[in-house]
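The exercises below concern strand pairing, a disulfide, a nonpolar core and a group of charged side chains. Each task is followed by a solution that goes step by step.

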Amino acid sequence: QVQLVESGGGLVQAGGSLRLSCSASGRFSSITSMGWYRQAPGNQRESVATIFSGGPTTYSDQVKGRFTISRDNAKNTVYLQMNSLKPEDTAVYLCKAEVRGLNGWTYYYWGTGTQVTVSS
């Protein structure tokens with residue numbers, strides 16, 4: 001079992017910045033990828049950014065150029081630096097990890113989310 005704990009959400013004015021963190025703990029062989037998703041009320045959950053074990057990253061078009069995902073492999077932690085925030089970035093941000101278990105199988109885990117609110 002793997003636990004994901006997010007932190008760093010909050011209230012910020014438009015144009016401001018926030019940094020989210022997500023740390024993974026538990027028993028596993030390795031982490032293949034970690035990513036951030038977000039879900040606003042009435043909307044579907046959408047991918048924001050993902051970082052793979054080798055370092056490649058992907059971003060949604062909505063955040064490209066404003067958000068940066070990074071990872072500390074030694075700490076099993078992923079970060080999301082969010083700059084130039086807009087009111088439409090308001091959502092619950094959730095961390096997701098793709099993990100290789102001790103048995104070699106692949107598992108997916110979700111954090112409980114952290115609220116990000118951007119005021120205009």
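Ser 23 stands opposite Thr 77 in S8, and this pair is a starting point for the first exercise. The model is a predicted one, in which local features need pLDDT of at least 70 and side-chain atom pairs count only at pLDDT 80 or more, while totals for chains, interfaces and linings use all residues. Residues are numbered from 1 along each chain as its sequence is written, and side-chain values use heavy atoms, with hydrogens and water left out.

**Exercise 1. Strand order**

Determine the order of the strands in the open sheet of four strands, and state which strands stand at its edges.

Solution. Strands are DSSP runs of E of at least two residues, numbered from the N terminus, and two strands pair if DSSP finds at least two bridges between them. Begin with S3 (residues 18-26) and S8 (residues 77-82), which run antiparallel and are joined by six bridges. Extending the pairing gives the order S1-S3-S8-S7, with antiparallel pairing. Strand S1 (2-7) and strand S7 (67-72) each have a single partner strand, so one side of each is left without a neighbour in the sheet. From one strand to the next the twist averages 15°, where axes are lines fitted to C-alpha atoms and angles run from 0 to 180 degrees between N-to-C directions.

**Exercise 2. Surroundings of Ser 70**

Place Ser 70 in its strand, and list its contacts beyond the residues up to four places away in sequence.

Solution. Ser 70 is found in strand S7. With contact taken as heavy atoms within 4.5 Å, Ser 70 touches Ile 51, Thr 77, Val 78 and Tyr 79 when residues up to four places away in sequence are not counted. Its relative accessibility is 30%, and Ser 70 therefore counts as partly exposed, on a scale where buried means under 20% relative accessible area, exposed means over 50%, and partly exposed lies in between (1.4 Å probe, protein chains only).

**Exercise 3. The disulfide**

Which cysteines does the disulfide join, and what is its handedness?

Solution. A disulfide is a pair of cysteine sulfur atoms within 2.5 Å, and a search of the whole structure finds one. This disulfide joins Cys 22 to Cys 95, with an S to S distance of 2.1 Å. Cys 22 lies in strand S3 and Cys 95 in strand S9 (residues 91-100), so the pair ties together parts that are 73 residues apart in sequence. The torsion about the S-S bond is about -85°, and the disulfide is therefore left-handed. Cys 22 is buried, with a relative accessible area of 0%, and Cys 95 also counts as buried, at 0% relative accessibility.

**Exercise 4. S4 and the nonpolar core**

Find the strands that pair with S4, and then identify the residues of the largest nonpolar core that touch the most other members.

Solution. S4 pairs with S9 in the antiparallel sense over nine bridges, and the bridge partner of Trp 36 in S9 is Cys 95. S4 also pairs with S5 in the antiparallel sense, over six bridges, with Gly 35 standing opposite Thr 50 in S5. Seven of the 10 residues of S4 are buried, so this strand is largely enclosed by the rest of the structure.

A nonpolar core is a set of buried Ala, Val, Leu, Ile, Met, Phe, Trp, Tyr and Cys residues joined through side-chain atoms within 4.5 Å. The largest has 30 residues, of which Leu 4, Met 34, Trp 36, Leu 80, Met 82 and Tyr 93 touch the most other members. S9 gives the most to this core, with five residues.

**Exercise 5. A network of charges**

Trace the salt bridges that join Arg 38, Glu 46, Arg 66 and Asp 89.

Solution. A salt bridge is a side-chain nitrogen of Lys or Arg within 4 Å of a carboxyl oxygen of Asp or Glu, and by this rule the count comes to four. Glu 46 forms one with Arg 38, at 2.6 Å between the closest N and O atoms. Arg 38 forms another with Asp 89, at 2.9 Å; Arg 38 lies in strand S4 and Asp 89 in the loop between S8 and S9, so this pair ties together parts that are 51 residues apart in sequence. Asp 89 also meets Arg 66 in a salt bridge (2.8 Å, N to O). Through shared partners, these residues form one network. Within the network, Glu 46 is partly exposed, at 32% relative accessible area, Arg 38 is buried, at 6%, and both Asp 89 and Arg 66 are buried.
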